[in-house]
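This note sets out some points to consider while examining the structure shown below. Please keep the three-dimensional view open while reading.

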Amino acid sequence: MLSTSKMLITIVVAGVFTFATRLIPFAAFGNRKVPEIIKYLGKIMPPAIIGVLIIYCIKDSYSLNINTILPQLLGVGITAGIHLWKRNTLLSISVGTISYMLMIHYIFI
């Protein structure tokens with residue numbers, strides 16, 4: 001187990017690097033025009049990352065156990081449905097995650 005000082009150092013380092021990654025695009029371009037490739041990557045990367053995360057989350061569903069596969073597919077469907085309806089990423093991820101957790105704990109035991 002980490003000591004309190006090591007945990008604090010870890011949190012500070014993670015915070016500094018998180019802030020730095022958010023700051024770099026603004027520092028790199030300043031008031032200049034953003035290149036088209038960066039705009040393109042800004043449009044294409046979020047859906048691509050979400051796709052990779054979906055595949056990663058359901059990759060272990062090879063057992064054909066209905067209690068494993070069905071809650072995962074329903075969770076993905078609920079998340080996608082809420083997102084298509086409300087266009088709010090935070091809401092769709094929250095509702096999908098909460099519904100998945102409720103399903104695996106209370107319905108598909």
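1. The model is a predicted one. A useful starting place is the packing of helix 4, whose buried residues pack against helix 3 (66-86). These buried residues are Ser 92, Gly 96, Ser 99 and Met 103. They lie on the same side of helix 4, because the arc they cover around the axis is only 70°.

2. The other side of helix 4 carries the exposed residues Leu 90, Ile 98 and Tyr 106.

3. The length of helix 4 (residues 89-107) may also be checked. With 19 residues at 1.5 Å a residue, the helix should span 27 Å, and its end C-alpha atoms are 26 Å apart, which agrees.

4. How many salt bridges does a search of the whole structure find? The search finds two. In one, the side chains of Glu 36 and Lys 33 meet at 3.3 Å, N to O; both of these residues are exposed.

5. The side chains of Lys 39 and Glu 36 also meet in a salt bridge, at 3.7 Å, N to O. These two residues are three apart in helix 2, so about one helical turn separates them. Lys 39 is partly exposed, with a relative accessible area of 39%, whereas Glu 36 counts as exposed at 51%. Through shared partners, the salt bridges join Lys 33, Glu 36 and Lys 39 into one network.

6. A nonpolar surface patch of about 860 Å² deserves attention; among the residues that make it are Ile 37, Ile 38, Tyr 40 and Leu 41. Ile 38 belongs to helix 2 (residues 36-58). Its relative accessibility is 36%, so Ile 38 counts as partly exposed.

Note on methods
Residues numbered from 1 in each chain as written. Predicted model: local features only at pLDDT ≥ 70, side-chain atom pairs only at ≥ 80, totals over all residues. Heavy atoms only, no water. Patch = residues over 30% accessible without salt bridge, like charges linked within 9 Å, V, L, I, M, F, W, Y side chains within 5 Å. Areas by Shrake-Rupley, 256 points an atom, 1.4 Å probe, with all protein chains shown as cover. Salt bridge = Lys/Arg side-chain N within 4 Å of Asp/Glu carboxyl O. Helix = DSSP H or I, 4+ residues; strand = E, 2+ residues; numbered from the N terminus. Buried < 20%, exposed > 50% of the residue type's maximum accessible area, 1.4 Å probe, protein only. Expected span 1.5 Å × (residues − 1). Arc of directions from axis to C-beta. Contact = heavy atoms within 4.5 Å.
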